[in-house]
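Subject: Structure for you to look at

Hi,

Here is the structure I promised you. Please open it first, then read my notes beside it.

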Amino acid sequence: MLGTAAPAAAAAEAEEEKTEFDVVIKSAGPKKIETIKVIRQLTSLGLVEAKNMAETADSKVLTGVAKETAEDAKKKLEEAGAEVEVK
């Protein structure tokens, strides 16, 4: 009986322990300029670097950030029209 409960408990702990998240841009969307502006606000990148990031699928905008920061960044990028994923 303990053998079946242990893997489930370990899986639940692993999910709770995750404290660092990555914000990954899937697509800049139809309003690429707005997306680039948000990327520049969230990072310290210049215009060219932010543009390249917006145009490259699966680019990590932020890495190793707290869940709140990741969710906030995702919200801002989605409001600008981008498709975003938090990993």
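Start at Asp-58. This residue is partly exposed, because its relative accessible area is 47%, and partly exposed covers the range between under 20% and over 50%. Asp-58 sits in the loop between α3 and β2 (59–65). Its phi is positive, at about 65 degrees, although Asp-58 is not a glycine. Keep in mind throughout that this is a predicted model.

**The whole chain**

Now step back. The protein chain has 4 helices and 3 strands. From the N terminus on, their order is α-β-α-α-β-α-β. The chain has 87 residues, and 28% of them count as buried. Next, look at contacts between residues at least 6 apart in sequence. Of these, 70% join residues at least 24 apart.

**Strands β1 and β2**

Move one place on from Asp-58 and you reach Ser-59. Ser-59 belongs to strand β2. Is Ser-59 buried or exposed? Its relative accessibility is 13%, so Ser-59 counts as buried. Now find Ile-25. Ser-59 and Ile-25 are 34 residues apart along the chain, yet 5.5 Å separates their C-alpha atoms. Leave aside neighbours within four places in sequence, and Ser-59 is in contact with Val-23, Val-24, Ile-25 and Met-53.

Thr-63 is also in strand β2. Its C-alpha atom is 7.7 Å from that of Glu-20, and the two residues are 43 apart along the chain. Not counting residues up to four places away in sequence, Thr-63 touches Phe-21 and Asp-22.

Asp-22 deserves a longer look. It lies in strand β1 (residues 21–27). Its relative accessible area is 19%, so Asp-22 is buried. The cut-off for buried is under 20%. Which side chain does the side chain of Asp-22 meet in a polar contact? That of Lys-60, at 3.3 Å. A polar atom of the Asp-22 side chain also lies 2.9 Å from the backbone nitrogen of Gly-64. The contacts of Asp-22 reach further along the sequence too. Beyond four places away, Asp-22 touches Lys-60, Leu-62, Thr-63, Gly-64, Glu-85, Val-86 and Lys-87.

**How the helices pack**

Turn to α2 (32–42) and α3 (47–55). Their axes come within 9 Å and cross at roughly 120 degrees. The two helices are therefore oblique to each other. The crossing is right-handed. On the α2 side, the residues that meet α3 are Lys-32, Thr-35, Ile-36, Ile-39 and Arg-40. They face Leu-47, Ala-50, Lys-51, Met-53, Ala-54 and Glu-55 in α3. By class, the residues of this contact are 6 nonpolar, 1 polar and 4 charged.

Helix α2 also meets helix α4 (residues 67–79). What is the angle between the axes of α2 and α4? It is roughly 155 degrees, and the axes come within 8 Å. That makes α2 roughly antiparallel to α4, because angles over 145 degrees count that way. This crossing is right-handed as well. Thr-35, Val-38, Ile-39 and Leu-42 in α2 meet Ala-73, Lys-76 and Leu-77 in α4. The residues here divide into 5 nonpolar, 1 polar and 1 charged.

Compare the two lists. Thr-35 and Ile-39 appear in the contact with α3, and Thr-35 and Ile-39 appear in the contact with α4.

**The loop after α2**

Finish at Thr-43. This residue lies in the loop between α2 and α3. Thr-43 has a relative accessible area of 18%, so it is buried. Where does its side chain reach? It reaches the backbone oxygen of Ile-39, at 2.7 Å. A polar atom of the Thr-43 side chain also lies 3.3 Å from the backbone nitrogen of Leu-45. Leaving aside neighbours within four places in sequence, Thr-43 is in contact with Val-61 and Leu-62.

Three residues to find on your screen:

- Asp-22, with its side chain in polar contact with Lys-60.
- Thr-43, with its side chain at the backbone oxygen of Ile-39.
- Asp-58, with its positive phi.

Best wishes

Methods
Residues are numbered from 1 along each chain as its sequence is written. This is a predicted model: local features need pLDDT of at least 70, side-chain atom pairs count only at pLDDT 80 or more; totals for chains, interfaces and linings use all residues. Side-chain values use heavy atoms; hydrogens and water are left out. Buried means under 20% relative accessible area, exposed over 50%, partly exposed in between (1.4 Å probe, protein chains only). A polar contact is a pair of N or O atoms within 3.5 Å; within protein, one must be able to donate a hydrogen and the other to accept it, and residues adjacent in sequence count only if both atoms are side-chain atoms. Contact means heavy atoms within 4.5 Å. Axes are lines fitted to C-alpha atoms, for helices over the stretch in contact, and angles run from 0 to 180 degrees between N-to-C directions. Angles under 35 degrees count as roughly parallel, over 145 as roughly antiparallel, 65 to 115 as roughly perpendicular and the rest as oblique. A crossing is left-handed if the near helix is turned anticlockwise from the far one by less than a right angle, and right-handed if clockwise. Ala, Val, Leu, Ile, Met, Phe, Trp, Tyr, Cys and Pro count as nonpolar, Asp, Glu, Lys and Arg as charged, and the others, Gly among them, as polar.
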